[in-house]
Amino acid sequence: MSNTDRRRVVILGSTGSIGRQAIEVIKADPDGLELIGVAAGRDSTSLQEQVDALGVRHHGLGSDAAVHLATLEQADVVLNAVVGAAGLRASVAALEAGKTLALANKESLVAGGEACRAAAARGNGLIVPVDSEHAALAQCLSGRDKKTVGRIVLTASGGPFRTRADLDDVTPEDALAHPTWSMGPKITIDSATLMNKGLEVIEAHHLFHFEYDQIGILVHPQSVVHGIVEFVDSSSLLQAAPTDMRIPIRAALGSPQAFVSSGKPVSLSSVGHLEFEEVDQERFPSVALAYGAGRRGKSFPAVLNAANEQAVEAFLSRSIRFKDIPVVTESVLASHDPIEVTELDAVLQVDSWARQKAAQAIEQRRDAATVGGAAR
Ligand SMILES: NC(=O)c1ccc[n+]([C@@H]2O[C@H](COP(=O)([O-])OP(=O)(O)OC[C@H]3O[C@@H](n4cnc5c(N)ncnc54)[C@H](OP(=O)(O)O)[C@@H]3O)[C@@H](O)[C@H]2O)c1
C-alpha cells in the first residue's frame with residue numbers, strides 16, 4: 001500500500017484511555033493508518049508529548065478544537081474518544097462533513113441520537129461503533145436481514161458490585177476498581193452503577209434501529225462474549241473476543257476493510273466456563289431509568305445523560321453517595337417537560353437545563369447527608 005492509500009485518522013480525546021489505545025493501534029499499522037490530528041480537553045502536557053513524539057500536524061485543546069479537527073478536509077476517519085456530552089458537537093460536525101465517525105463517545109448518540117442521524121443523512125457521514133458490545137453486534141448482524149432478528153443482547157460484566165449486597169458505603173475507590181476492563185473514571189463509575197449498559201441500550205437503538213423491547217442485557221462476568229444476536233428461527237450468534245479495546249478500535253479504524261493483526265482469538269478452553277445471568281434491576285436502578293428514558297424518547301435520553309454525568313462527577317468528588325447517583329438522575333427526569341431534539345442546538349439547551357437541575361438535586365442530597373451527620 002502506498003502512503004497515499006493510508007487512512008488518515010483524527011483522534012478526539014487522544015490523551016484518554018481509548019485515545020491512547022488508538023495511538024497504539026495506529027503505530028502498529030504504519031502502512032494502513034496515518035495519524036494526522038489529535039485533540040484533548042485540558043491536558044496540554046500529554047497532548048504536546050503526543051504531538052512531539054508522533055509528529056502530528058493538527059492539534060488543539062477543548063471542544064472547539066475537537067469540532068475543528070473533526071472536519072479537517074484531509075481526514076478519512078474521526079475517532080471520537082472524548083468523554084461525555086462534550087463530544088456531541090464534534091460527532092455532529094464529523095458526520096455533517098461526510099467523515100467515517102469511529103464512535104467511542106456513546107454519550108453523543110444517547111444525548112443527540114436524532115441530531116447525529118440527521119447530520120449523517122445531510123453530510124453522508126457514517127457511524128462505526130467502537131464500544132466492544134456494539135462492534136460485536138455489528139459483526140453478528142453483518143449481511144443479515146433485519147426481519148430475521150428477534151432480539152439483540154448486550155453483555156455486561158456486572159461491574160465491581162455484582163455480588164456485593166450492601167451498596168450503602170461504596171467509596172469512589174471501590175467503584176473505580178473494575179474487575180475486567182481498565183477505562184477512564186466516568187465510564188468506570190457508569191459500569192459500577194450499570195448506567196453504562198443503559199446508555200449502551202440507547203446507543204444500540206440508534207445504531208441498529210431496533211425497538212427497546214428487542215434490546216436486552218445479560219450479565220456475563222467473564223467479559224468474553226460481547227454481543228448476542230437472537231434470530232427468529234431460535235438460533236443465536238455470539239461474538240467472543242479478548243477484553244482488549246484495541247480489537248474494536250482497529251476494526252472501526254479499518255472499516256469497512258478488516259486489518260490483519262497478530263492478535264490471538266480468546267482461548268475458550270482456558271476460560272473454561274461462561275456464565276450469563278439477568279440484571280438485578282432493584283440493586284441497579286439505572287438500567288430501568290435508561291430504558292424508561294429511551295422508550296419515552298424526545299429529550300429524555302439527553303436529560304438522563306446530562307444528569308448522570310453531573311451525578312457521577314459529584315460522587316467522584318465525594319459530594320454524594322454512590323446510591324444517590326440514580327436518585328439524582330431520576331429526580332431530574334421526573335421534573336422534565338420533553339421537547340423534540342432533532343437539531344444540535346435543542347440538545348445542547350436540554351443538556352444545560354438538566355445539568356442545572358442536577359446541581360440543585362446534588363445540593364439537596366449533600367444537605368440531607370449533612371443534616372443526617374453522614375457528610376464525607
Ligand atoms: N475506556 C474504555 O475502555 C471505553 C470502552 C468503550 C467506550 N468508551 C467510551 O469512550 C469515551 C472515552 O472514554 P475513556 O475511558 O477513554 O475516557 P478518559 O480516559 O476519561 O478520556 C477522555 C478523553 O476526553 C478528553 N476530553 C474531555 N473533555 C473534552 C473536551 N471538551 N474536548 C476535547 N476533549 C475532551 C480528555 O482530555 P484530557 O485528558 O485533557 O482531560 C481525554 O482525552 C467515553 O464516552 C466512554 O464511554 C470507553
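Among the contacts in the chain between residues at least 6 apart in sequence, 71% join residues that are at least 24 apart. The model in which these contacts are counted is a predicted one. Its chain is built from 15 helices and 10 strands, and the radius of gyration is 20 Å, close to the 21 Å that the globule rule gives for 376 residues, so the chain is as compact as a globular protein of that length. Taken along the principal axes, the box filled by the C-alpha atoms has dimensions of roughly 65 × 45 × 40 Å.

**Surface and charge**

Of the 376 residues in the chain, 54% are buried, while the area that the chain exposes comes to about 16600 Å², with carbon and sulfur atoms supplying 49% of it. The chain carries 35 positive and 46 negative charges, and the mean positions of these two sets are 1 Å apart. A search for disulfides across the whole structure finds 0. Two cysteines can be placed with respect to the surface: Cys116 is buried, with a relative accessible area of 1%, and Cys140 is buried as well, with a value of 7%.

**Helix α12 and its surroundings**

Helix α12 spans residues 286–296 and contains Leu289. The buried residues of this helix are Ser286, Val287, Leu289, Ala290, Tyr291, Ala293 and Gly294, and what covers them includes the helices α8, α9, α13 (300–316) and α14 (324–334) together with the strand β8 (215–219). Leu289 itself has a relative accessibility of 12%, which is under the 20% limit, and therefore counts as buried. Leaving aside residues up to four places away in sequence, Leu289 touches Leu304, Pro326, Thr329, Glu330 and Leu333. Between Leu289 and Ala361, which lie 72 residues apart along the chain, the C-alpha separation is 16 Å. Just after α12, Gly297 adopts a positive phi of about 65 degrees.

**Positive phi outside glycine**

Which residues other than glycine take a positive phi near 70 degrees? Asn124 is one of them, and Leu194 is another. Asn124 is found in the loop between α5 (106–123) and β6 (126–129), whereas Leu194 has its place in the loop between α8 (185–193) and α9 (195–208). With respect to solvent, Asn124 is exposed, at a relative accessible area of 67%, while Leu194, at 5% relative accessibility, counts as buried. The two helices that flank Leu194, α8 and α9, are also among the elements covering the buried residues of α12.

**Helix α2 and Ser46**

Ser46 lies in helix α2, which covers residues 44–54. Is Ser46 buried or exposed? Its relative accessible area is 12%, and Ser46 is therefore buried, given that the limit for this class is under 20%. When residues up to four places away in sequence are not counted, Ser46 touches Thr15 and Arg20.

**Accessibility of the residues discussed**

The table collects the relative accessible areas of the individual residues described above.

| Residue | Relative accessible area | Class |
|---|---|---|
| Cys116 | 1% | buried |
| Leu194 | 5% | buried |
| Cys140 | 7% | buried |
| Leu289 | 12% | buried |
| Ser46 | 12% | buried |
| Asn124 | 67% | exposed |

How values were computed: Residues are numbered from 1 along each chain as its sequence is written. This is a predicted model: local features need pLDDT of at least 70, side-chain atom pairs count only at pLDDT 80 or more; totals for chains, interfaces and linings use all residues. Side-chain values use heavy atoms; hydrogens and water are left out. Helices (H or I, at least four residues) and strands (E, at least two) are DSSP runs, numbered from the N terminus. The radius of gyration is taken over C-alpha atoms; the globule rule is 2.2 Å times the number of residues to the power 0.38. Buried means under 20% relative accessible area, exposed over 50%, partly exposed in between (1.4 Å probe, protein chains only). Contact means heavy atoms within 4.5 Å. Accessible areas come from the Shrake-Rupley method with a 1.4 Å probe; for residues, only the protein chains shown count as cover. Lys and Arg count as positive and Asp and Glu as negative; His and the chain ends are not counted. The place of a charge is taken as NZ of Lys, CZ of Arg, CG of Asp or CD of Glu. A disulfide is a pair of cysteine sulfur atoms within 2.5 Å.
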